[in-house]
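Visitor: I would like to learn how to read a protein model, one feature at a time. Please show me the structure and we can start.

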Amino acid sequence: EVTFSKEMMDQSWSWSTAWEGSHPEMLGKPEYSEDGKTCSLKVNLEAGKAYGFWLNSQNFGNFKDASGKAAVTYLLVFQTED
């Protein structure tokens, strides 16, 4: 889940791969919460692996607020335990 400070444009997101193999298997497509501030993406994670997503990137900028302004590019990195 990623939570923004304001309502985002529904059905618009850019979960971009940070490096080769950094993207887990997606289970369905992303969806926003009722208030439009939190975007959830269900994935299948492996134990002991590092993952990374760009939230927007140089090539993709579809995380946008309700007025259409793109969110600042952000790198999200995490690792699962063994």
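Visitor: Is Asp 65 buried or exposed?

Guide: This is a predicted model, so the accessibility values are computed from it. A residue counts as buried when its relative accessible area is under 20%. Asp 65 has 7% relative accessibility, so Asp 65 is buried.

Visitor: Which residue forms a salt bridge with Asp 65?

Guide: To read a salt bridge, look for a side-chain nitrogen of Lys or Arg within 4 Å of a carboxyl oxygen of Asp or Glu. Here the partner of Asp 65 is Lys 6, and the closest N and O atoms are 3.0 Å apart. The two residues come from distant parts of the chain, 59 residues apart: Lys 6 sits in the loop between S1 and S2, and Asp 65 in the loop between S7 and S8. Lys 6 is partly exposed, because its relative accessible area is 42%.

Visitor: How many salt bridges does the structure hold?

Guide: The structure holds one salt bridge.

Visitor: Now the strands. What is the order of the strands in the open sheet?

Guide: To read a sheet, ask which strands pair and in which direction they run. Three strands form an open sheet here, in the order S1-S5-S4, with antiparallel pairing. Strand S1 (2–3) and S4 are the edge strands, since each pairs on one side only.

Visitor: How many bridges join S1 to S5?

Guide: Two bridges join these antiparallel strands. To follow one of them, start at Val 2: its bridge partner in S5 is Cys 39.

Visitor: Which strand is joined to strand S2?

Guide: Strand S2 (residues 15–17) is joined to strand S7 (residues 50–55) by three bridges, and the two run antiparallel. For Ser 16, the bridge partner in S7 is Trp 54. S7 is also joined to strand S8 (residues 74–79), by six bridges and again antiparallel. There, Phe 53 has Leu 76 in S8 as its bridge partner.

Visitor: What makes the nonpolar surface patch?

Guide: For a patch of this kind, look for nonpolar side chains on the surface that come within 5 Å of each other. In this model, Trp 19, Leu 75 and Val 77 make a nonpolar surface patch of about 260 Å². One of them, Val 77, lies in strand S8. Val 77 counts as partly exposed because its relative accessibility is 48%.

Visitor: Which residues gather in the patch of negative charge?

Guide: The reading is similar, but with charges in place of nonpolar side chains. Glu 7, Asp 10, Glu 34 and Asp 35 gather in a patch of negative charge on the surface. Asp 35 is placed in the loop between strand S4 (31–32) and strand S5 (38–40). With 44% relative accessibility, Asp 35 counts as partly exposed.

Visitor: What about the backbone? Where is Gln 11 found?

Guide: For the backbone, look at the sign of phi and at the residue type. Gln 11 is found in the loop between S1 and S2, and has a positive phi of about 60 degrees although it is not a glycine. Asn 56 is not a glycine either, and has a positive phi of about 70 degrees. The place of Asn 56 is in the loop between S7 and S8.

Visitor: Is Asn 56 buried or exposed?

Guide: Asn 56 is buried, because its relative accessible area is 1%. Gln 11, at 48% relative accessibility, counts as partly exposed.

Definitions and conventions. Residues numbered from 1 in each chain as written. Predicted model: local features only at pLDDT ≥ 70, side-chain atom pairs only at ≥ 80, totals over all residues. Heavy atoms only, no water. Patch = residues over 30% accessible without salt bridge, like charges linked within 9 Å, V, L, I, M, F, W, Y side chains within 5 Å. Areas by Shrake-Rupley, 256 points an atom, 1.4 Å probe, with all protein chains shown as cover. Lys, Arg positive; Asp, Glu negative; His and termini not counted. Charge placed at Lys NZ, Arg CZ, Asp CG, Glu CD. Helix = DSSP H or I, 4+ residues; strand = E, 2+ residues; numbered from the N terminus. Buried < 20%, exposed > 50% of the residue type's maximum accessible area, 1.4 Å probe, protein only.
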